[in-house]
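Please walk through this protein model with me, from its aromatic pairs to its strands and its backbone exceptions.

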Amino acid sequence: MNSKFVVTLILCFFVSLISAQNSSYKISGIIISEDEKLPLESATIYLETIKDSTLITYTISDKNGAFNLEGKTFYERCNLTVSYLGYEPYTSIINFKDGITDLKTIAMKPANLLDAVLVKSRAPITIKKDTLEFNVSSFKTKQDATVEDLLKELPGVEVDEEGNITVNGKPVSEILVNGKPFFGDDATIATRNLTKEIIEKVQVVDTKTDAEAFAGEEGDQKSKTINLTIKEENNKGQFGRLAAGIGTDDRYEFAGIYNNFNNDRRISVLAGGNNINSPGFSFGEIQKMFGNASFMSVSSNGSFNIDGRSFGGGEGIVTSSNIGANYADVLSKGVDITTDYFYSRSDSENESITNRETILADNRFFTNSTGSNLTDNQNHAFNTRLDVKLDSTLLLNIRPAFSYGNSRTSSSNTQETFNANNQLTNSSEANTFTENERRNFRNRMDLTKRFGSKGSFLKFGFDTEFNTGKAENFLQSEARFEDENQEDILRNQLTQRDDKVNNLGVNVTYRLPLIGKILSLDMKYSYGYNNEVNQNSTFDFDENSETFSQFNQDLSSDFTNTNRVNKPSVKLSYRKEKFSTSVDVGYVLRNLENSDQLRPELSLNRNFNAVELQANMNYNFSEKGSIYLWYNLANRPPIVSQLQPFQNVNNPLNIITGNPDLKPTNSHDLYISLNNFDWEKGTGFYSYFSLNVDTDRAIAKTTIDENFVRNTTYENVDGNYDLYGDISTSRNIKIDSLRTLKFNIGAYSSFANAVNFNNDVKYNSSNFNLSPNLGFTFNWKQLFELRPNYRLTFTDNRFDLDNIENQTFVSHSLRLGTATFFPKKFEWRNDIAFNYNPNVAEGFQRSAWFWNSTLAYTFLKDKAILTLKIYDLLNQNTNARRIASGDFIQDTQSTVLRQYFMLNFSWKFNTLGKKGNTNEGNFFFED
């Protein structure tokens, strides 16, 4: 109750401060070109203070060249600037005492070629065809701001608590620094460790590979790439940061990053370690001190990904250490290289309790289980990107990567199953110890040749991948049945696993221009070869020799699987400045072959042929917004384990047998997105809709006997479909030159219809979710920031079996973030969350308050920060969750990181720039 009162008091106090008033202004005009007398759409109009050129506000001209600037300010006069690519800037002094200022028609003079090279625009936003560019110096942030802090200030850009970024509603899939990757594909390494002060521009484009960009192909219009350009004077020097913290309950963390920039050459080294479930590459200060620990999350494992591989993770409490290095350089004219190396180690411990109710067509049973796991994980990864521009029309891209990992896992699990009368039917215990080792090498090579000026090209692609894995698993288990007619199953076994996977892919594409760059025809052929060897050798323990020497053929397997794909295709593309569309049609010829060395009679050879189709359309109805439509028809064959008629009895309580008569699945996917950002009103609208319909989806079909032993096979069914969508709008309100207010309102909804089997009875289930949310951010520069957010989730699960009860429930999530920037040199931040989830069983925690707090003090000329942080101030963090499926309801609770206090010290160094100082752009705390 006390915590609720505190939250309410803080909220009311801060909101009451919004009502202060200042002098109003309104500025309007029309932008045209002086030479052609035509309106200039998307010209940038911005106001700056006369004293230090601090940005006050800005807008973008509409399709008629008109603009309006409205707001309130404390200033009496300011500079107004109009900027448009290819034209000389227009400047004028505005007197705010006039209230309303009509500049009428502003004629922009074309810039000569020399001026265009020498003069750099200070416009906060520039729109260049398919590139949106932000001028970093126009967006003031807190002292020592990271790139993530900067991105949160940019219009149309959203960053969530996990560091995921969206631009105008589209997810950002890649972060580049001067056009090159920075430590693989984990964007947070760049956004949370590079500081704003070294960045000059933030550029946003559709995601493309280097080969696609060189050939002039369309990129992925469903995702964005952000490129951070470094200031020219900051391209030579050294900078970095060191941090360490120690806390209660023996909690600790340390992190460091060193960067050496020398024009085109860039060397970076980082390292970190902790036992607070954080990846170790984020510094323990201010708001990012909690790593990946989340509010009432399913797990707080602190894992992160590099080029699709997971590092430093594990369930429960994780102790991790990491080290990495990145090198980027221009070796010679036209030869660029980027390479990185990562090492990580993690030890995790986790205990879990699970209660599961399985619902049958005419019965039900209950399973209670406990588990504990200890895992030691080590990973190495090496990645390289080499780009060789042989001449102005010929580009070679090479992408080799190598990884090695090993792990040790010990686990202990118990399980009891009860019938509907709460009578014990079976129980089991299992103890395992597993050691595994894995290696992977892969390489992607593209050779692209351009012809003429109409967009013609010829591109060759060659992919290779080689995987090997070895494992040893020691198992001691007992499965006991209360039925005297059912024999108990006791096992003491060693299983040796040896896997090899070889992948080869070749493709060639030729583009034939039909009408210049407007209409083109792509002719493509691709070939794929996948070969997998899976050998599992199980040996029972021999009491006489006291060794694992008795080969168990029933639990062993020796499969060789081969998947060959030939696919010719053609693609017709039409592209104009505002409208583009394409249709891609291909024919897939697939051969699946499986041989079983232990059971030759079960070998199979199947052919699958199908048409595949992909089409898309994009219409930019203005510089502010666009609509995008995408359709895809894909043919997915059954996986070999679903086809193989081998009876897998590794789990004596769940026996699995494949179905060799399965047909391939045809998957239809439709995606529609609409986004629009009104720069004049500061209002953004984003929405998307997605639909998936599968025919002949392969699903599990399980029957359960009187001892509740499951026998599972697979069958094709129709009627499965999923649809989901999201709609959101945001509004930026500039109250005056110091106070801003940003609203976010949105709703996410999904509906899924699934066809399943319940103990051989076919039935339908549906799941409907509706989740509206409301939030706002109020910022009073130099004083404080307030960020409340509320989300309500309505869930409705329905089943057409009489014995399965429909489920309807509502959950609530409330978050409140606060930050104060006074007294001088101090920064106090709080993150408060409340979650209520009624859909858990008795004995599991349904609600919790979660409060993190930090107090930071900056000293040593702003180069050092001392931080006191408190994780889970109210000591209520929980890890309970419920999963509801067609035939079961499952509640789980597992180990979670609990409350701790930590004192952290960090120090930064910087020799970049002419003066080598680090205080450029200091806005909140001026000396």
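## Aromatic pairs

The structure holds 29 aromatic pairs. One of them brings together Phe474 and Phe548, with ring centres 5.7 Å apart. Their planes stand at 65 degrees, and edge-to-face pairing needs over 60, so this pair is edge-to-face. The two residues come from distant parts of the chain, 74 residues apart. Phe474 sits in strand 26 (residues 456-481), and Phe548 sits in strand 29 (residues 547-551). Phe474 has 30% relative accessibility and counts as partly exposed. Phe548, at 25%, also counts as partly exposed.

Now take Phe559 and Phe646. Their ring centres lie 5.6 Å apart and their planes meet at 75 degrees, so this pair too is edge-to-face. Again the pair links distant parts of the chain, here 87 residues apart. Phe559 belongs to strand 30 (residues 557-575). Phe646 lies in the loop between helix 6 (640-643) and strand 34 (647-648). Are these two residues buried or exposed? Both Phe559 and Phe646 are buried.

Tyrosines gather as well. Tyr628, Tyr671, Tyr688, Tyr724 and Tyr748 form one aromatic cluster. One member of that cluster, Tyr628, also has a charged neighbour: Lys170 lies over its face, at 5.7 Å from the ring centre. A second charge over a ring involves an arginine. Arg739 lies over the face of Trp780, at 4.9 Å from the ring centre.

## The chain as a whole

This is a predicted model. The protein chain has 927 residues, and buried residues make up 50% of them. It contains six helices and 50 strands. Among contacts with a separation of 6 or more, 64% are between residues 24 or more positions apart.

How high is the confidence? The mean pLDDT of the chain is 85, and 89% of its residues reach 70 or more. Residues 14-21 are an exception, with pLDDT below 50. Beyond near neighbours in sequence, that stretch has 19 contacts in the model. Residues 284-314 also stay under 50. For this stretch the model has 128 contacts beyond four places in sequence.

## Strands and their partners

Start with a sheet that includes strand 1. This open sheet has three strands in the order 4-1-7, with mixed pairing. Its edge strands are strand 4 (66-73) and strand 7 (100-108), and each pairs on one side only. The twist averages 20 degrees from one strand to the next. Strands of a sheet pair through backbone hydrogen bonds, either parallel or antiparallel. Which way do strand 1 and strand 4 run? Strand 1 (residues 23-33) and strand 4 run antiparallel, joined by eight bridges. Gly29 has its bridge partner in strand 4, at Phe67.

Further along the chain, return to strand 34. Phe646 lies in the loop that leads to this strand from helix 6. A hairpin of five residues joins strand 34 to strand 35. The two strands run antiparallel, and two bridges join them. Gln647 stands opposite Thr657 in strand 35.

Strand 35 (residues 654-657) has another partner. Three bridges join strand 35 to strand 39 (residues 710-717), and these strands run parallel. Ile656 has Thr712 in strand 39 as its bridge partner. Strand 35 therefore takes part in both kinds of pairing, antiparallel with strand 34 and parallel with strand 39, the two options open to strands of a sheet.## Backbone exceptions

Most residues other than glycine have a negative phi, and most peptide bonds are trans. Three places in this chain deserve a look.

Ser42 has a positive phi of about 70 degrees although it is not a glycine. This serine lies in the loop between strand 1 and strand 2 (44-48). Its relative accessible area is 8%, so Ser42 is buried.

Asn263 is also not a glycine, yet it has a positive phi of about 55 degrees. Its loop lies between strand 17 (252-262) and strand 18 (265-274). With a relative accessible area of 47%, Asn263 is partly exposed.

Where is the cis peptide bond? Such a bond joins Phe822 and Pro823, with omega about 0 degrees. Pro823 is found in the loop between strand 44 (807-820) and strand 45 (826-836).

Conventions. Residues numbered from 1 in each chain as written. Predicted model: local features only at pLDDT ≥ 70, side-chain atom pairs only at ≥ 80, totals over all residues. Heavy atoms only, no water. Pairing = 2+ DSSP bridges. Helix = DSSP H or I, 4+ residues; strand = E, 2+ residues; numbered from the N terminus. Axes fitted to C-alpha atoms, helices over the stretch in contact; angles between N-to-C directions. pLDDT = per-residue confidence, 0-100. Contact = heavy atoms within 4.5 Å. Phe/Tyr/Trp six-rings, centres within 6.5 Å; stacked < 30°, edge-to-face > 60°. Buried < 20%, exposed > 50% of the residue type's maximum accessible area, 1.4 Å probe, protein only. Lys NZ or Arg CZ within 6 Å of the ring centre and 35° of its normal.
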